[in-house]
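Dear colleague,

Please find below the structure that I am handing over to you. A short account of what was found in it follows.

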Amino acid sequence: MEKCALITGASSGFGAACARALAELGWKLVLTARREDKLQALREELAGKTKVHALTLDVRDGNAVAAACAGLPPEFAEVDLLVNNAGLALGLEPAHQASLEDWETMVDTNVKGVMYCTRAILPGMVARNRGHVVNIGSVAGSWPYPGGNVYGATKAFVQQFSRNLRADLLGTAVRVTNIEPGMAETEFSRVRFKGEDEKAQRVYTGTEPLRPEDIADIVVWVASVPARVNINSVEVMCVQQAWGPLAVHRS
Ligand code: NDP
Ligand code: 8X3
């Protein structure tokens, strides 16, 4: 039987790479994001490989998420794999200078978006006793860094939400995984620095960051281990990234 994956934030970066990797394996795909042109281009690219349903959706809109998930075409209605990937960081200012609006956007997308999509898709998975929720967290959910403030806190939510889902789903066959990547080259930094391309590019200068395909490979792996196995979390960094020492300010 062809399995069906619903990917949020499929218009670029990790989400698009997951779509390409799952298409190679014959998964039916529901691709969602806000940018319709990007979704349509990906749908056309993958059309020869698998069945694709493209859905323009803002995960911050709880009613729209519920309606879209309830109204999936019959062929795509039984979602076996939900990849909660849509998300973003905005700004790198310290907390006392950061934009409250940016904070709200990150909470609405990275926290509430994950809640809305999970709540919409999970009942069907439990009813069928089949399915897998893969959340895209971040190393920022475990490890603080200057300017990470609310972004890191949203990813800490994703980490705890993933663990608590596992607690609730015990006794079912539904699996939950939190993937926690470090620095990866996608549109992430362009979004964080609001189109300041040079600043965004400097994030990766002199390094070989993770690539979107690296994360897609992990998504494919966690989804393809035997049904008895649940990969709870995967923390992954490029070789050129590691933790720093605890900081001390001396006067
Ligand atoms: P990209 O900016 O390339 O992709 C982000 C995706 O999220 C886009 O497809 C975007 O689509 C979508 N998105 C953003 N806001 C919304 C929204 N309100 N509704 C629906 N879709 C939305 O970045 P990445 O691929 O890097 O990011 C994917 C995930 O990975 C994010 O959750 C990010 O926090 C996380 N991550 C990224 C890391 C990195 O270094 N790149 C490291 C660790 C985690 P559109 O704009 O079309 O809506
Ligand atoms: C993205 C990775 O280190 O820029 O989640 O926060 S980091």
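A polar contact is a pair of N or O atoms within 3.5 Å. By that criterion, Tyr-145 makes such a contact with ligand 2, since a polar atom of the Tyr-145 side chain lies 2.6 Å from an oxygen atom of the ligand. Please note that this is a predicted model.

Two further residues contact ligand 2 in this way. For Tyr-151, a polar side-chain atom is likewise 2.6 Å from an oxygen atom of ligand 2. For Ser-138, an N or O atom of the side chain is 2.5 Å from an oxygen atom of the ligand. On its own, ligand 2 has 240 Å² of accessible area, of which the protein covers 83%.

The residues around ligand 2 are Ser-138, Ala-140, Tyr-145, Tyr-151, Phe-188 and Arg-192. Sorted by class, this shell consists of four nonpolar residues, one polar residue and one charged residue.

Another part of the model concerns strands 2 and 3. Strand 2 comprises residues 28–33, and strand 3 comprises residues 52–56. The two strands run parallel and are joined by five bridges. Within this pairing, Leu-29 of strand 2 is placed opposite Val-52 of strand 3. Together with helix 2 (residues 36–46), the two strands form a β-α-β unit, which is right-handed.

Is strand 3 largely enclosed or not by the rest of the structure? Four of its five residues are buried, a term that stands for under 20% relative accessible area. Strand 3 is therefore largely enclosed by the rest of the structure.

Yours sincerely

Methods:
Residues numbered from 1 in each chain as written. Chains lettered and ligands numbered in written order. Predicted model: local features only at pLDDT ≥ 70, side-chain atom pairs only at ≥ 80, totals over all residues. Heavy atoms only, no water. Buried < 20%, exposed > 50% of the residue type's maximum accessible area, 1.4 Å probe, protein only. Pairing = 2+ DSSP bridges. Right-handed = clockwise from strand over helix to strand, strands pointing away. Near = heavy atom within 4 Å. Polar contact = N/O pair within 3.5 Å; in protein donor to acceptor, adjacent residues only side chain to side chain. Areas by Shrake-Rupley, 256 points an atom, 1.4 Å probe, with all protein chains shown as cover. Nonpolar A, V, L, I, M, F, W, Y, C, P; charged D, E, K, R; others polar.
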